[in-house]
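Please look over the sequence and the model shown here before reading on. The paragraphs that follow lead from strand pairing to the meeting of the chains, and then to a helix and the nonpolar cores.

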Amino acid sequence: MEFKVTPVMPQYIVTIGLEVHAQLNTRSKMFCGCAAEYGADPNTLTCPTCLGLPGALPVLNEAAIERTVLTGIMLGCTTPPVVKWDRKNYFYPDMPKNYQISQYDLPLCLGGGVPLYDLAYPKDAQRSIANPGKVVKLTRIHLEEDVAKSTHHDRFTTIDFNRAGTPLMEIVSEPDIDSAEEAFAYLNSLRQILIYGGVSDADMEKGQLRCDVNISVRPEGQKELGAKIELKNINSMSAVRRAIKAETSRQIDCLQRGEKLIQSTRRWDDDHGETTLMRTKEDAHDYRYFPDPDLLPVHTADILARVRAHVPELPHEKRARFERDYGCSTYDAGVLASDKALASYYEDAVAADAGVSAKKLANWVINDLLGVMNDNAIAITGCPVKPEQLSALVSTVESGKISGSQAKEVFNEMFQTRRSPEDIIKAKGFEQMNDAGALETMVDQIIAGAPDKVAEVRGGNEKAMNWFTGQVMKLSQGKANPKMVSELVRKRVLG
Amino acid sequence: MSAHAIDIQKAASLARLKLTPDEAALYESQLGKILDYMDVLARYDLGSVEPTAHAMPVHNVMRRDESRPSFTQDQALANAPKSSHHQFQIPKVVE
Ligand SMILES: [Zn+2]
């Protein structure tokens with residue numbers, strides 16, 4: 001006798017941790033006075049220290065330390081009373097000293113977490129957030145120096161040392177992320193917070209924010225984590241999501257085929273949508289960390305006290321304030337607060353006119369301004385419509401001086417020509433007629449010419465009233481205030 | 001002979017050093033002596049001694065975040081055995 005056995009496919013648990021490198025936006029490098037700039041001619045920002053010439057000594061950049069400490073405060077980390085600097089030893093041409101100055105056992109920040117904002121998730125995932133309000137735990141944040149930039153040619157490699165020695169913050173999360181969507185939200189929320197703090201410009205496309213992903217997969221029911229597999233070469237927000245999805249299904253496929261996964265590092269190929277093996281644990285690096293004798297430890301108490309006085313309002317705090325003080329909806333407040341520059345624009349617009357409706361202004365910023373900005377790929381900092389001009393337009397339409405559709409037309413013109421709403425309204429002749437006397441004359445004129453229509457209305461056909469309103473609007477070339485006209489018609493016809 | 005097993009060849013290869021058998025033996029015994037001395041220190045109760053990361057009791061030596069002139073491109077590349085594209089040229093590396 002034969003039994004049919006239905007195999008039960010095990011469910012798999014995905015565990016993800018992120019190592020994010022963020023370039024700090026200091027004026028000078030981490031250990032020397034060369035300018036920390038992006039886009040200069042190759043090898044024009046170097047000195048004996050950042051070229052690793054013998055005898056050159058590093059000196060700490062105070063601002064880089066302060067910005068890292070500030071990041072720690074914003075993310076709820078603790079800072080040890082004493083931190084120090086260590087050498088991470090390896091041989092690679094982008095690191096001429098043959099060691100990178102970093103922090104090993106006493107980094108600037110420990111613990112803390114990154115809150116995942118709802119609107120930081122990918123658009124298509126915002127309606128199905130598995131863990132709303134989640135805070136991803138951090139292991140640590142340390143400060144180190146960036147390496148030089150290599151360019152690979154056909155037969156040789158060239159090296160530009162402009163980036164070598166610029167301050168780089170490494171933010172390491174716990175394996176506390178459950179999906180590609182959470183990883184995306186983590187990076188996006190972290191980006192917002194770094195920009196709010198003014199510590200990094202955090203543009204992934206410019207390499208100011210770089211991210212390595214650790215992924216492990218294990219069957220449900222298994223306690224210990226699966227083999228940790230690290231992904232490198234992920235260069236955009238959307239690639240993070242693609243890479244995690246592809247690598248997760250690759251690992252699950254392997255496990256389902258009965259293969260064993262081993263700790264390794266893989267390279268993400270965004271063009272082909274797959275990861276390829278770079279190295280396995282056997283040839284993992286042995287960095288032989290030791291304290292850098294060239295640098296003295298840092299006592300952090302004074303720095304912490306100084307920085308604490310300058311902690312900015314964070315995105316979620318701003319969102320709550322916009323809801324509370326301006327009557328914005330949760331969604332609108334979230335959209336505005338997700339971009340520091342946009343939030344500032346909005347607040348400038350609100351402040352420009354004490355009488356303007358902040359809620360209506362938020363609608364205009366989100367529905368009209370953001371729409372046309374996205375269509376034209378313009379950043380808010382380059383917006384042709386000044387905050388006070390938008391504020392004036394919203395006040396004008398709210399007071400009934402122009403109609404809603406006229407306002408949209410004026411807005412488009414403002415965006416294209418940078419002219420003020422007043423000028424455009426005047427030029428287009430949109431100023432509404434609110435002069436009761438003049439409107440009354442017009443209404444009487446129409447009534448006098450249409451005794452049959454008057455009889456119709458008086459005979460009980462209320463709808464015929466609209467005909468009068470339409471005639472007056474036509475007579476005024478659309479400028480009459482429609483609300484006033486219909487009231488006048490009612491008064492004069494029904495008398 | 002030290003009580004510590006030292007893989008001198010591994011240490012040498014990590015430091016990209018090629019040692020002759022004589023050198024390997026010499027360095028192994030020298031490194032062994034250093035580790036033996038750690039054993040001497042470990043015999044003392046150092047619980048009340050504050051850990052130090054540096055021999056000098058100095059800390060918070062920092063500079064303000066101000067940039068100053070760098071090398072010119074020519075100065076930067078002056079010692080490069082080979083250069084092209086205004087950059088240091090090296091044999092092709094791929095990780
Ligand atoms: Zn330099």
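**Strands, contact and cores**

In this predicted model, strand β4 of chain A, which covers residues 86–89, is joined to β5(A) by 4 bridges, and the two strands run antiparallel. One residue pair shows how they are matched, for N89(A) has Y99(A) as its bridge partner in β5(A). Both strands belong to an open sheet of 3 strands in chain A, with the order β5-β4-β16 and antiparallel pairing. The edge strands of this sheet are β5 (99–102) and β16 (290–291) of chain A, each of which pairs on one side only. In general, the strands of a sheet pair through backbone hydrogen bonds, and they may do so in a parallel or an antiparallel way.

Strand pairing also crosses from one chain to the other. Strand β10(A) is joined by 4 bridges to strand β3 of chain B, residues 87–91, and here too the strands run antiparallel. Within this pairing, the bridge partner of F156(A) in β3(B) is P91(B).

How many residues does each chain bring to the contact? Chain A gives 39 residues and chain B gives 33 residues. On the side of chain A that touches chain B, the elements giving two or more residues are β2 (60–61), α1 (62–74), β9 (149–152), β10 (156–160) and β17 (298–299) of chain A. Of these, β10(A) supplies the largest share, with 5 residues. Sorted by class, this side of chain A holds 19 nonpolar, 12 polar and 8 charged residues.

In chain B, helix α2 runs over residues 21–42, and because a helix is expected to advance 1.5 Å a residue, its 22 residues should span 32 Å, which agrees with end C-alpha atoms that are 32 Å apart. Is this helix, α2(B), well covered or hardly covered? Helix α2(B) is hardly covered, since the count of buried residues among its 22 residues is 1.

The nonpolar cores come last. In soluble globular proteins, nonpolar side chains tend to be buried together. The largest nonpolar core of this model has 78 residues, and those with the most contacts inside it are A183(A), Y186(A), V213(A) and V240(A). The most is given to this core by helix α2 of chain A, residues 180–196, with 10 residues. Leaving aside residues up to four places away in sequence, Y186(A) touches L18(A), V114(A), L116(A), V136(A), S173(A) and I177(A). A second, separate core has 33 residues, including A333(A), L342(A), Y346(A) and M414(A).

Key:
Residues are numbered from 1 along each chain as its sequence is written. Chains are lettered from A and ligands numbered from 1 in the order in which they are written. This is a predicted model: local features need pLDDT of at least 70, side-chain atom pairs count only at pLDDT 80 or more; totals for chains, interfaces and linings use all residues. Two residues are in contact if their C-beta atoms, placed from the backbone, lie within 7 Å. Ala, Val, Leu, Ile, Met, Phe, Trp, Tyr, Cys and Pro count as nonpolar, Asp, Glu, Lys and Arg as charged, and the others, Gly among them, as polar. Two strands pair if DSSP finds at least two bridges between them. The expected span of a helix is 1.5 Å times one less than its number of residues. A residue is buried if 20 or more other C-beta atoms lie within 10 Å of its own, exposed if 12 or fewer, and partly exposed in between; C-beta atoms are placed from the backbone. A nonpolar core is a set of buried Ala, Val, Leu, Ile, Met, Phe, Trp, Tyr and Cys residues joined through C-beta atoms within 7 Å.
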